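Please look over the sequence and the model shown below before reading on. The paragraphs that follow lead through selected parts of the structure in turn.

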Amino acid sequence: MNEHDLETLLAGLQPRGPSSALNQRVEHELELDRHWMHAPLPRRQRLWTPVFWSSLGAAAAVLVMSLLPANPTVGTSTEIASIPSPTVLPVSTIREVVDAQNEGIQYNADSRLPEQHVKLMTLERHAWIDPRDGAHITLEMPREDSVILPVNFQ
Amino acid sequence: MDTSLNAWKYCFEQVAPKLLLYAVQLCPSRADAEDVVQMAFVRWWRRFPEGNEEHIPLLYAAVRTIALDQRRSDTRRSRREAASEVALSMGDAPVFDPSPEQKETALIVQEALQTLPEDQREVVTLKLWGGLTFAEIAATTGESINTVSGRYRYALQALQKRLAARRDDLVIAAPSPPVTNVFPFHPAKEAML
């Protein structure tokens, strides 16, 4: 018996099939979690997935911005973060002071008392989360406030 | 009919016998081998539900990894290895599904396979019944192509010697055609590009 005959002999034997119990177990396990039915994404889609999520985030940010009041300086940061939204939940609101300009001491036109005028440039960062898929939405909003401080001369 | 839901059945029907034959080489019993095949196939199908044949070597690799992990984690296994060398091999359960005229041949071949070292038996199983190339076997086992082809050659030589004595009892049947695609239909490959 040469090598080729031996290979033919061996390959001609069919391996025994699985038991019906094994078939049932595999079926049961695949039925338990059907995520695999949606798992395969064509490569083209996989390549675009980050872009898709970015677009989704941007769209959500636009949606949130449209819900914000027209003049953001009117409301406080807490009010902005708690605007009712049907899908997203507020996570945090942080205000970071970027710059402060001292505009000097001025006298009030009515009371004639001295006041110190300060212009504060801040950056508000609002974060929301979509509880359905865990997507994070972050919105940065520059803000400028004029602050008037009482002055006492000693 | 929900094709996605049932496609795995066709795929499993095609690959499960070969996977079991391979798993039996690495497991102490057929029941253990079935457990390994179940875990490997479910894991593989969840990852590659399109059933593309190019991922079949990964399925064998999954079987190998799970079987070896189970062997390492089973302390009783080591006791069995020390107690009985036969327990290392495929055991007494038939591993082939022969035609009536092949029954004697199947028993002789199973017996001869059991005499091979495990690494040689593994390569022979993957090559002849799994239909893997030497390169795929090398990738599956983590060995070089030269090593696995050498093991295959030594295994065939050993089997030749074993079977020569019982040559008159052997019935050579035509091998089944290789499965080129385990799926009932080819997935739209152009859509994957």
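Which residues of α2(A) meet residues of α2(B)? A:Leu22, A:Arg25, A:Val26, A:Glu29 and A:Leu30 in α2(A) are in contact with B:Glu34, B:Val37, B:Gln38, B:Phe41, B:Val42 and B:Trp45 in α2(B), where contact requires C-beta atoms, placed from the backbone, to lie within 7 Å. By class, this contact comprises seven nonpolar, one polar and three charged residues; Ala, Val, Leu, Ile, Met, Phe, Trp, Tyr, Cys and Pro count as nonpolar, Asp, Glu, Lys and Arg as charged, and the others, Gly among them, as polar.

The model is predicted: local features need pLDDT of at least 70 and side-chain atom pairs count only at pLDDT 80 or more, whereas totals for chains, interfaces and linings use all residues. Residues are numbered from 1 along each chain as its sequence is written, while chains are lettered from A and ligands numbered from 1 in the order in which they are written.

Helix α2 of chain A covers residues 20-32 and helix α2 of chain B residues 30-47. Helices (H or I, at least four residues) and strands (E, at least two) are DSSP runs, numbered from the N terminus. The two helices pack at an angle of about 35°, with their axes 10 Å apart; axes are lines fitted to C-alpha atoms, for helices over the stretch in contact, and angles run from 0 to 180 degrees between N-to-C directions.

Helix α1 of chain A (residues 3-11) also has a side turned inward. Its buried residues are A:Leu6, A:Leu9 and A:Leu10, a residue being buried if 20 or more other C-beta atoms lie within 10 Å of its own, exposed if 12 or fewer, and partly exposed in between, with C-beta atoms placed from the backbone. Seen down the axis of α1(A), these residues fall within an arc of 95°, so they line one face of the helix; the arc is that of the directions from the helix axis to the C-beta atoms. Their cover includes α5 (103-114), α6 (118-129) and α8 (145-164) of chain B.

Chain B has nine helices and zero strands, and buried residues make up 39% of its 193 residues.

In chain A, strand β1 (residues 89-107) has zero buried among its 19 residues, so the strand lies largely in the open. It runs antiparallel to strand β2 (residues 114-130), joined by 15 bridges; strands pair if DSSP finds at least two bridges between them. A:Arg95 stands opposite A:Glu124 in β2(A).

Conventions. Two residues are in contact if their C-beta atoms, placed from the backbone, lie within 7 Å.
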